[in-house]
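Student: I have a protein model open and would like to learn how to read it. Could we go through it together?

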Amino acid sequence: MEELKFYQGKENFAPSYRVRKAVFGVEQGFEHDFDEEDDTAEHLVVYKDGEPVATARCMPSGKPDGYYIGRVAVVRDRTTPCRERREADRALRRALRPSIL
């Protein structure tokens, strides 16, 4: 079962960092995924069995109740096949739904 948590700025940033580093850094080879926006953004982290498996960065768009969603990452792991089962996708949609209505 998935658990969803939001973190503000760099507070408890380690789970989001871990997922983004695995996906963007190791898997896709990006060297500069992290920037100053991480300091003020909300970071959604999806946990499965206590392990972070997905993340998304949410930032205000300047419109009432509007957000930009970016840096969406889902780990590739044979023991927790979240990409294949779309579990993290469903969890992210469920969590972000109130923000995008």
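Student: Which side chain meets that of Arg71 in a salt bridge?

Tutor: Happy to help! A salt bridge here is a side-chain nitrogen of Lys or Arg within 4 Å of a carboxyl oxygen of Asp or Glu. For Arg71 the N to O distance is 3.1 Å, and the partner is Asp35.

Student: How many residues apart in sequence are the parts that this pair ties together?

Tutor: Strands are DSSP runs of E with at least two residues, and helices are runs of H or I with at least four, numbered from the N terminus. Arg71 lies in strand S4 and Asp35 in the loop between H1 and S2, so the pair ties together parts whose separation in sequence is 36 residues.

Student: Which residues are joined into one network with this pair?

Tutor: Before I answer, a word on the source: this is a predicted model, where local features need pLDDT of at least 70 and side-chain atom pairs count only at pLDDT 80 or more, while totals for chains, interfaces and linings use all residues. Residues are numbered from 1 along each chain as its sequence is written, and side-chain values use heavy atoms, with hydrogens and water left out. Salt bridges that share partners make one network of Arg20, Asp33, Asp35, Asp38, Arg57 and Arg71.

Student: Are Arg20 and Asp38 buried or exposed?

Tutor: Their side chains meet in a salt bridge at 2.8 Å, N to O. Buried means under 20% relative accessible area, exposed over 50%, and partly exposed in between, using a 1.4 Å probe and protein chains only. By that rule, both Arg20 and Asp38 are buried.

Student: What does Glu27 form a salt bridge with?

Tutor: Glu27 is partly exposed, at 31% relative accessible area. Its partner is exposed, since Arg76 has a relative accessible area of 60%. The closest N and O atoms of the pair are 3.2 Å apart, and the partner of Glu27 is Arg76.

Student: Where does helix H1 bend?

Tutor: H1 covers residues 14-27. The bend at a residue is the angle between axes fitted to the seven residues ending there and the seven starting there. In H1 that angle is about 35 degrees, and the place is Lys21.

Student: How many salt bridges does a search of the whole structure find?

Tutor: We have met several of them, including the pair of Arg20 and Asp38 and that of Glu27 and Arg76. Side chains of opposite charge can pair when their charged atoms come close. For the whole structure, the search finds 10.

Methods:
The expected span of a helix is 1.5 Å times one less than its number of residues.
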